Amino acid sequence: MRLRLAAAGLYGASGVAFAAFGAHGLPADMPARLSQAFAAGADFHLFHAVALLALALAPPRPALAAAFWLLLLGSTLFSGALYALALSGLSIMGAVAPAGGGTMMIGWLTVAYAGLRSP
């Protein structure tokens with residue numbers, strides 16, 4: 001639990017930093033589609049930081065621990081790809097985002113599984 005709680009805290013702090021950079025540090029002449037991609041990455045980053053915190057504080061159950069790591073990996077891939085796309089303009093980075101999105105969906109389905117399996 002300590003490792004998951006620390007990871008959730010670091011993920012939340014980095015989400016705030018990326019959101020602040022997106023709001024104040026991106027070039028003013030950045031194309032709208034790239035700044036929107038960066039903002040979407042920050043939104044998913046911060047939303048999933050809250051989910052990670054909830055999972056870190058949940059009673060210990062193997063499925064919830066697995067969901068934690070799946071959501072962490074998925075949201076890191078998804079948001080990271082959008083950040084990289086926005087900052088580099090390399091469209092290949094957009095191809096990584098679906099892998100992160102799929103991993104997040106598996107993580108959320110794992111939460112649902114844990115709920116259905118609970119006594």
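User: Helices here are DSSP runs of H or I with at least four residues, numbered from the N terminus. In which helix is the place of S79?

Analyst: The model is a predicted one. Its chain has four helices and zero strands, and α3 covers residues 62-88. The place of S79 is therefore, by the run of residues that defines a helix, in helix α3.

User: Does S79 count as buried or exposed?

Analyst: A residue is buried when its relative accessible area is under 20%. S79 has 1% relative accessibility, so S79 counts as buried.

User: With which residues is S79 in contact, leaving aside its neighbours within four places in sequence?

Analyst: S79 lies in helix α3. Two of its partners, G41 and H45, are listed among the buried residues of α2. With F44 included, the residues in contact with S79 are G41, F44 and H45.

User: What pattern does the chain follow, read along the sequence?

Analyst: The chain contains four helices and zero strands. Along the C-alpha trace, its principal axes span about 55 × 25 × 15 Å. Read along the sequence, the pattern is α-α-α-α.

User: What does helix α1 reach from its first C-alpha to its last?

Analyst: Helix α1 runs over residues 2-24 and has 23 residues. At 1.5 Å a residue, a span of 33 Å is expected. The model comes close to this expected value, with a reach of 33 Å.

User: Which helices do the buried residues of α1 pack against?

Analyst: The buried residues of α1 are R4, A7, A8, Y11, G12 and G15. In an α-helix, residues three or four places apart point the same way, so they can share a side. The buried residues of α1 pack against α2 and α3.

User: Is R2 buried or exposed?

Analyst: R2 lies in helix α1. The cut-off for an exposed residue is over 50% relative accessible area. Because its relative accessible area is 75%, R2 is exposed.

User: By what distance are the C-alpha atoms of R2 and I106 separated?

Analyst: R2 belongs to helix α1, whereas I106 is 104 residues away along the chain. The separation of their C-alpha atoms is 23 Å.

User: Which residues form a nonpolar patch on the surface?

Analyst: One member, L5, is in helix α1. L5 counts as partly exposed because its relative accessibility is 34%. Together the members have about 370 Å² of accessible area, and they are M1, L5, L53 and L57.

User: What covers the buried residues of α2?

Analyst: Helix α2 has 26 residues and reaches 38 Å, close to the 38 Å expected. Its buried residues include L34, F38, H45, H48, L52 and L55. Their cover includes α1, α3 and α4.

User: Which helix does the largest share of the core come from?

Analyst: The largest nonpolar core has 30 residues, of which L52, L55, F68 and L71 touch the most other members. Each of α1, α2, α3 and α4 supplies at least two residues of this core. The largest share, twelve residues, comes from α3.

User: Which residues does L52 touch, not counting residues up to four places away in sequence?

Analyst: L52 is one of the buried residues of α2. Among its partners, A8 and Y11 are buried residues of α1, and F68 and L71 are, like L52, among the core residues that touch the most other members. The full set touched by L52 is A8, Y11, F68, L71 and L72.

Conventions
Residues numbered from 1 in each chain as written. Predicted model: local features only at pLDDT ≥ 70, side-chain atom pairs only at ≥ 80, totals over all residues. Heavy atoms only, no water. Expected span 1.5 Å × (residues − 1). Buried < 20%, exposed > 50% of the residue type's maximum accessible area, 1.4 Å probe, protein only. Contact = heavy atoms within 4.5 Å. Patch = residues over 30% accessible without salt bridge, like charges linked within 9 Å, V, L, I, M, F, W, Y side chains within 5 Å. Areas by Shrake-Rupley, 256 points an atom, 1.4 Å probe, with all protein chains shown as cover. Salt bridge = Lys/Arg side-chain N within 4 Å of Asp/Glu carboxyl O. Core = buried A, V, L, I, M, F, W, Y, C linked by side-chain atoms within 4.5 Å.
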